[in-house]
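Me: Mind going through this one with me, one question at a time? I'd like to start with the empty spaces and then get to the packing.

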Amino acid sequence: MRPTSSSIRGTVTEAVFGCAHERGDRPALIDLGAGVVYGYRRLADEVTRAASGLVRRGARGRQVAGIHVDNVAAQTLAVHTVIAAGGVAAPIASRSGEMGELLDRWDARLLITTPGLAETSVRAADVSRVRQVIAFGQARDTVDFADLLLLTPMPLPPLDPSVQPALQVEDGGVFTHEDLIWRMCELDKLVALEKSDVLLVTWPLTCTLAMTTLVGLALMRGSLVVIAPELASEELSATIHDFGVTVLALLDGAVQRV
């Protein structure tokens with residue numbers, strides 16, 4: 001019998017990465033745009049070690065962390081790192097001129113970015129209450145995400161999934177750990193993902209809640225996620241063939257079996 005939302009206990013981190021180590025180096029996430037591949041063990045290890053690094057650097061529970069990145073792999077890693085550290089992940093899709101105001105509204109003290117967006121992110125941090133900017137790579141006036149992995153590990157905070165906020169979206173909605181797990185399981189009633197599935201996601205980064213839900217579900221079930229944001233129609237068939245895609249998330253929001 002497949003687990004349901006009522007039978008899955010614990011945090012988003014436990015639900016999504018609870019079986020990651022036994023899956024070992026099996027591919028978990030391939031981001032074609034960013035040119036990166038993560039295996040299950042590496043992805044889970046980087047999330048937990050980086051979360052520990054955030055806590056060691058002073059991140060507080062329920063603190064909002066803005067996430068302004070340019071690829072899904074970075075967004076996935078950032079979202080789950082913040083959630084594992086007991087914070088509230090807040091992906092940003094707004095135009096750069098509105099970002100400082102958004103960070104202030106959320107009272108965010110942390111911003112995670114990518115090198116190509118680092119300059120814009122640092123400017124937004126300067127006009128908000130953000131205290132540190134972390135980048136996936138070296139960038140001026142930021143902390144390299146890789147440095148978090150080098151800090152002495154420390155225990156992650158205990159979280160109550162029924163009340164602990166996990167995700168903040170720009171329209172003001174806040175989702176607890178239980179809320180996100182429920183959304184994953186409701187989606188799974190439609191797509192019934194298995195570890196043998198290969199999921200191709202063509203959604204843009206702006207679909208933050210949908211992306212977090214779908215990618216989280218796929219990782220929870222042990223599927224392989226292939227990311228190709230806004231893939232051109234003429235490249236779709238070749239990509240499906242090359243990766244043996246079995247489930248497709250289309251630009252119109254539909255998720256369907258191939």
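Me: Which helix gives the most to the lining of the second largest cavity?
Reply: Four residues of that lining come from one helix, H4. Helices here are DSSP runs of H or I with at least four residues, strands are E runs of at least two, and both are numbered from the N terminus. A cavity is a set of points on a 1 Å grid over the protein atoms alone where a 1.4 Å probe fits but cannot get out, a pocket is an open set with protein on both sides within 12 Å along at least five of seven lines, and lining residues have an atom within 4 Å of a point. So with four residues, the top contributor is H4.

Me: Before we go on, what sort of model is this?
Reply: It's a predicted model, where local features need pLDDT of at least 70 and side-chain atom pairs count only at pLDDT 80 or more, while totals for chains, interfaces and linings use all residues. Residues are numbered from 1 along each chain as its sequence is written, and side-chain values use heavy atoms, with hydrogens and water left out. In short, the model is predicted.

Me: How many charged residues are in the lining of the second largest cavity?
Reply: The space is about 50 Å³, with a volume being what is filled by probe spheres set on grid points joined across faces, edges and corners. Its lining is Gln75, Thr76, Val79, His80, Met211, Thr212 and Val215, and the elements giving two or more residues are H4 and H9. Ala, Val, Leu, Ile, Met, Phe, Trp, Tyr, Cys and Pro count as nonpolar, Asp, Glu, Lys and Arg as charged, and the others, Gly among them, as polar. That leaves three nonpolar, four polar and, for charged, none: no charged residues.

Me: H4 and H9 are packed, then; which residues of H9 make the contact?
Reply: Their axes are 11 Å apart at an angle of about 80°, where axes are lines fitted to C-alpha atoms, for helices over the stretch in contact, and angles run from 0 to 180 degrees between N-to-C directions. H4 and H9 are therefore roughly perpendicular (65 to 115 degrees; under 35 is roughly parallel, over 145 roughly antiparallel and the rest oblique). With contact meaning heavy atoms within 4.5 Å, H4 brings Val72, Gln75, Thr76 and Val79, and H9 brings Thr208, Met211, Thr212, Val215 and Leu219.

Me: And at what angle does H8 cross H9?
Reply: H8 covers residues 177-191 and H9 covers 208-221, and their axes come within 9 Å. The H8 side of the contact includes Leu180, Met184 and Leu187, and the H9 side includes Leu209, Leu217 and Met220. By class, the contact has nine nonpolar, three polar and three charged residues. The crossing angle is roughly 75°.

Me: What is the volume of the largest pocket?
Reply: Sixteen residues would be a lot to list, so here are those nearest the centre: Val36, Tyr38, Ala74, Leu77 and Phe136. Two or more lining residues come from each of S2 (36-39), H3 (40-56), H4 (72-84) and H7 (145-148). The lining has 10 nonpolar, three polar and three charged residues. As for volume, it is about 220 Å³.

Me: Which strands stand at the edges of the six-stranded sheet?
Reply: This open sheet runs in the order S2-S1-S11-S10-S12-S13 with mixed pairing, where two strands pair if DSSP finds at least two bridges between them. Neighbouring strands are turned by 15° against each other on average, direction ignored. Two strands have a single partner each, so one side of each is left without a neighbour in the sheet: S2 and S13.

Me: Which residue in S11 is the bridge partner of Val198?
Reply: S10 (residues 198-201) and S11 (residues 224-227) run parallel and are joined by four bridges. Val198's partner in S11 is Leu224.

Me: Last one: which residue in the turn of the S8-S9 hairpin has a positive phi?
Reply: S8 (residues 165-168) and S9 (residues 174-176) pair in the antiparallel sense over three bridges, with Gln168 opposite Val174. Five residues lie between the two strands, and the one with a positive phi, about 105°, is Gly172.
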